[in-house]
Every structure is written in structure tokens, then in C-alpha cells.
Amino acid sequence: MTGPATSPPAARGAKTSTRNAVIGASFGFFVDMFDVYLPVVALTPAMNYFLPPSVSAGSRAVITSLIFVATLLGRPLGSMIFGRLADKVGRRRVTLWSITGCGICTLLIALLPGYHAVGLLGVVLLVVLRLIDGVFLGGEYTGATPLAMEAVPTGKRGWYGGLVGMGFPISYCAISLVTFVMLRIAPSGGVNSAYSQWGWRVPFLVGALLCAVFCWYFSRTVEESETWKSAKKSRTPIRDVLVGSSRKQFLQVFVIMSGIWFASNLASGLLPSALQFQAHVSAQQVTAALVIVQAIHSVLFPFLGALSEKIGRRKFLAWSGIGIGVVCSAAFATISLGWWSGFGAVLLLTFVIRISGGSTFAVTPSYLCERFPPAVRGSGFGLGYSMPLILTSFYAYYQDWLGHIMPSGLTAAALLVLGGALVFVGSLIGPETKDVDLGVAAAGQPQPKAVTA
């Protein structure tokens with residue numbers, strides 16, 4: 001009688017490499033997004049620590065958005081720097097460099113003095129550090145995500161891409177949970193309140209610690225991409241993406257990601273303050289709603305990715321565009337109309353907004369990698385993912401302009417309609433990609449002019 005069949009050592013090794021790469025990319029994306037949304041959730045209740053009491057509500061809103069925007073604006077520059085390096089020196093090395101830089105910046109932010117100690121220099125340093133942080137964050141996904149997707153077999157990238165994208169809602173949930181706990185331990189209030197003086201620092205220290213843990217895990221378990229090792233290397237990956245052989249793919253991805261970032265910035269960046277000030281619920285209730293909803297949403301991510309494997313990335317993104325432009329925008333409009341009050345109603349509204357406005361991130365890891373050939377995949381993924389932020393990060397200023405021609409409470413809904421339209425149109429002008437072999441040119445595209453490694 002023969003014993004049970006066992007997998008050949010090579011097959012077991014390949015499965016282990018795939019698992020480690022996917023866990024590493026998901027963990028990296030978690031750390032990335034945790035850091036991005038720290039100011040939105042953790043710092044908002046403590047902004048009186050950095051600003052003078054005399055600052056107007058409008059100026060406070062602009063400065064708060066600038067802190068968030070600074071990180072987003074740094075990401076395209078980081079993608080350009082680290083994306084090129086990811087294509088030339090390897091995905092793994094670039095990922096470790098970028099997360100190390102991110103951890104250092106986050107730690108320095110946790111140690112910043114406030115307005116009563118150094119005046120406005122404190123908030124200036126905060127904005128500068130967030131900008132530098134964004135540059136390093138622009139390197140994380142240019143390395144880790146292509147590495148993971150290149151390790152996954154065709155037919156399973158939707159599921160595994162959803163697991164990578166899962167880092168986004170889990171991170172938002174984790175930030176909200178840490179902030180909620182700190183608000184209970186160190187209540188917010190005036191500039192001398194416990195949260196304003198030291199409570200807000202704890203989430204940033206947690207973010208720095210997460211970066212350190214990620215670097216330890218990634219350096220010990222994740223190997224360099226075999227696809228990158230065997231692929232020819234482009235002489236000029238950035239040029240190939242922006243004006244060379246991959247320019248059409250980049251422009252199409254730029255359209256889609258512009259819409260996705262409009263939706264994400266509004267459905268994530270603006271939602272906490274909109275609920276607190278327009279739905280008349282406390283900061284703790286808003287944070288609790290975000291924790292619950294993001295926990296549910298994160299579980300759905302791999303299943304949404306698997307759905308894109310079944311119906312196709314193109315169709316999934318097209319329907320997501322409709323969801324953003326119709327459902328998410330309408331939900332935001334009802335906030336300004338005062339239709340919601342009480343924790344139960346806010347919980348339901350938050351769920352609708354997050355599902356309709358943030359589910360595209362379940363598909364972006366696989367879809368963006370499938371749009372670019374191996375020689376420029378790091379640059380293509382990074383630039384396609386982050387360059388639209390140059391346009392979409394200024395959503396607060398667009399809202400201010402729109403407020404002169406329409407009710408200010410409806411400006412977020414108007415931008416969400418625009419975002420949904422961009423995702424819908426962008427998906428239709430691109431090809432279906434789910435069956436593309438990532439080891440060769442994407443969607444039949446010829447390789448750019450290249451040299452051997």
C-alpha cells in the first residue's frame with residue numbers, strides 16, 4: 001500500500017514563496033495605508049495642539065487637508081524614484097528601503113512639538129515630514145505589489161490581489177481602533193487635554209513600530225521575483241511608461257485611478273469629519289462606526305477580487321464606477337441634507353459609502369500589474385497608481401470652488417459623480433486583463449527596448 005501523495009519539494013517551495021510574497025505585499029499595503037490615513041483619523045481630534053486658538057474654522061480645514069495632501073503629493077515623486085529602482089535593482093530591495101524611510105518619518109512626527117512650544121513651526125515641520133513620508137510610501141507598492149502578483153499563477157490573481165488590497169480597509173480599521181482606545185484613555189478637548197498633549201502620539205508610534213516589524217518579516221521571508229530576475233531590463237523605464245511603448249496603457253490607467261482616488265479621498269479622507277459635524281455624532285461614535293465597517297469590508301476584499309476573476313476586471317471596474325457615481329455620491333448628498341442621526345443610522349451610512357466608494361482597491365493590485373510588461377512593471381504600477389494624486393489630492397480646494405456655484409454640502413457628491421464617470425470610462429477604453437501572463441508583455445503589448453540584466 002502506498003502512502004499519501006505528497007507535493008514535490010519544488011511545488012511546496014513555490015507555494016511558500018507565493019504565500020510569503022502575498023502576505024508581505026498585504027502587510028506592506030497595510031503599513032502604507034495606515035500611515036497615509038493617520039492624520040485623518042488620529043490627528044483630527046488634536047489639531048488644536050498644532051494651531052493657534054484664533055484660527056478660523058475654514059483655515060483649520062484647509063491646513064488639515066494640506067497635511068493629508070502633502071503625503072499624497074509625495075507619492076508620485078516616490079513612485080518615479082523607487083519605481084525606476086524596482087525595475088532596475090529589484091522589487092524586494094526597494095520595498096525595504098522605502099518602508100525604512102517611512103518608519104523614520106512617522107517616528108519623527110510622533111515627537112513633534114506643538115504651537116505653544118514653537119509656534120507655527122510645528123505644523124510646518126508636520127507638513128514637511130508628511131511630504132517626505134509620502135515619497136517613501138511611493139516606493140512601497142512599486143516593489144511589494146508587483147513582486148507578489150508575479151508570484152501568483154494566472155487564474156488566482158483576483159483572489160490574491162484582493163488579499164493584498166485587503167491591507168487598505170484593515171489599516172483604516174486599525175487606525176480607527178487605536179484612536180478609539182486612546183480617546184477613551186486620554187479624552188480629547190482643549191489644547192491641554194490628554195489626547196491633544198500626548199494621546200495622538202501613540203498611533204504614530206504604532207505606525208513606526210509596524211514599519212519595523214514589516215522590514216523584519218519581509219527581509220527574512222520574501223525572495224526576489226523570479227519574473228524580474230529573468231526579464232530583460234529597460235534602459236529607461238520611466239520614459240517607456242510616460243512617452244514610450246507603454247504610454248497608452250499609462251494614460252488609460254491614469255483615467256481609472258483618477259476616479260478611484262477621488263472616491264477614496266472623499267469616502268475615506270472627508271467621511272470622518274463630515275459625519276461628526278453634519279450628522280451630529282461624537283468623535284468616538286464616528287470612530288467606532290469606522291472600526292466596525294472597515295472590519296466587515298476587509299473580509300469582503302478577497303471575495304471581490306475573486307469576483308473580478310469570474311466576471312473580468314473590466315466589467316468589475318465598470319460597475320464600480322457606477323457604484324461610485326450613483327450610490328456613493330447619493331449617500332454623501334444625504335449627509336448634507338441632514339437625513340441621518342444616531343449611531344445606528346451613521347453605521348449603515350458608513351457601510352454604504354465604504355462598500356460603494358472603496359471596493360475598487362480589491363482589484364487595483366492585480367489590474368495595474370496586468371497592464372504593464374515586466375521590464376517597466378514597477379514604474380508603470382507606481383506611476384499609474386500615484387500620479388493621479390497630483391490632480392485629486394486638492395479635492396478640498398475643488399470643493400471650495402464648487403461651493404460658489406452650488407450648495408457647499410453637495411460638492412463632495414459632485415466630485416464623486418466625476419470620479420465614478422472616470423472609473424467607468426477608463427475601464428471601457430481598456431482591455432480585459434485577467435488572463436494575461438505576467439511573465440511576458442501585458443495584454444499583447446510588445447516589450448520596450450531593453451537590455452539583458
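1. In this predicted model, one aromatic cluster is formed by Phe29, Tyr37, Tyr141, Phe168, Trp261, Phe361, Phe381 and Tyr385. Three members of that cluster, Tyr141, Trp261 and Tyr385, recur in point 4 as contacts of Arg75.

2. The count of aromatic pairs comes to 23. In one of them, the ring centres of Tyr49 and Phe50 are 5.0 Å apart and the planes stand at 90°, so this pair is edge-to-face; the cut-off for that class is an angle over 60 degrees. Tyr49 and Phe50 are both buried. The rings of Trp200 and Phe204 are likewise described as edge-to-face, because their planes meet at 80°, with the centres 5.7 Å apart. Trp200 counts as buried, since its relative accessibility is 0%. Phe204 also has a relative accessible area of 0% and is therefore buried.

3. Lys233 deserves a separate remark. This residue belongs to strand β1, which covers residues 233-234. Lys233 is buried but has no salt bridge. Glu224, the nearest side chain of opposite charge, is 8.8 Å away, whereas a salt bridge would require a side-chain nitrogen within 4 Å of a carboxyl oxygen. What does the side chain of Lys233 reach at 2.6 Å? The partner is the backbone oxygen of Ala231. A polar atom of the Lys233 side chain also lies 2.7 Å from the backbone oxygen of Trp228. Trp228 is involved through its ring as well: Lys233 lies over the face of Trp228, at 4.6 Å from the ring centre.

4. Arg75 is located in helix α3 (residues 57-88). Its relative accessibility is 0%, so Arg75 counts as buried. Neighbours within four places in sequence set aside, the contacts of Arg75 include Asp32, Met33 and Val36. Gly134, Val135, Leu137, Gly138 and Tyr141 are also among them, as are Trp261, Tyr385, Ser386 and Leu389.

5. Thr350 lies in helix α16, residues 343-358. With a relative accessible area of 1%, Thr350 falls under the 20% limit and is therefore buried. Residues up to four places away in sequence not being counted, Thr350 touches Leu271, Leu275, Ala289, Leu290 and Val293.

6. Leu275, one of the residues touched by Thr350, may also be set against Arg75. How far apart are Arg75 and Leu275 in sequence and in space? The separation is 200 residues in sequence and 28 Å in space, taken from C-alpha to C-alpha.

Technical notes. Residues are numbered from 1 along each chain as its sequence is written. This is a predicted model: local features need pLDDT of at least 70, side-chain atom pairs count only at pLDDT 80 or more; totals for chains, interfaces and linings use all residues. Side-chain values use heavy atoms; hydrogens and water are left out. Rings of Phe, Tyr and Trp (its six-membered ring) pair if their centres lie within 6.5 Å; planes under 30 degrees apart count as stacked, over 60 as edge-to-face and the rest as tilted. Buried means under 20% relative accessible area, exposed over 50%, partly exposed in between (1.4 Å probe, protein chains only). A charge sits over a ring if NZ of Lys or CZ of Arg is within 6 Å of the ring centre and within 35 degrees of the ring normal. Helices (H or I, at least four residues) and strands (E, at least two) are DSSP runs, numbered from the N terminus. Lys and Arg count as positive and Asp and Glu as negative; His and the chain ends are not counted. A polar contact is a pair of N or O atoms within 3.5 Å; within protein, one must be able to donate a hydrogen and the other to accept it, and residues adjacent in sequence count only if both atoms are side-chain atoms. Contact means heavy atoms within 4.5 Å.
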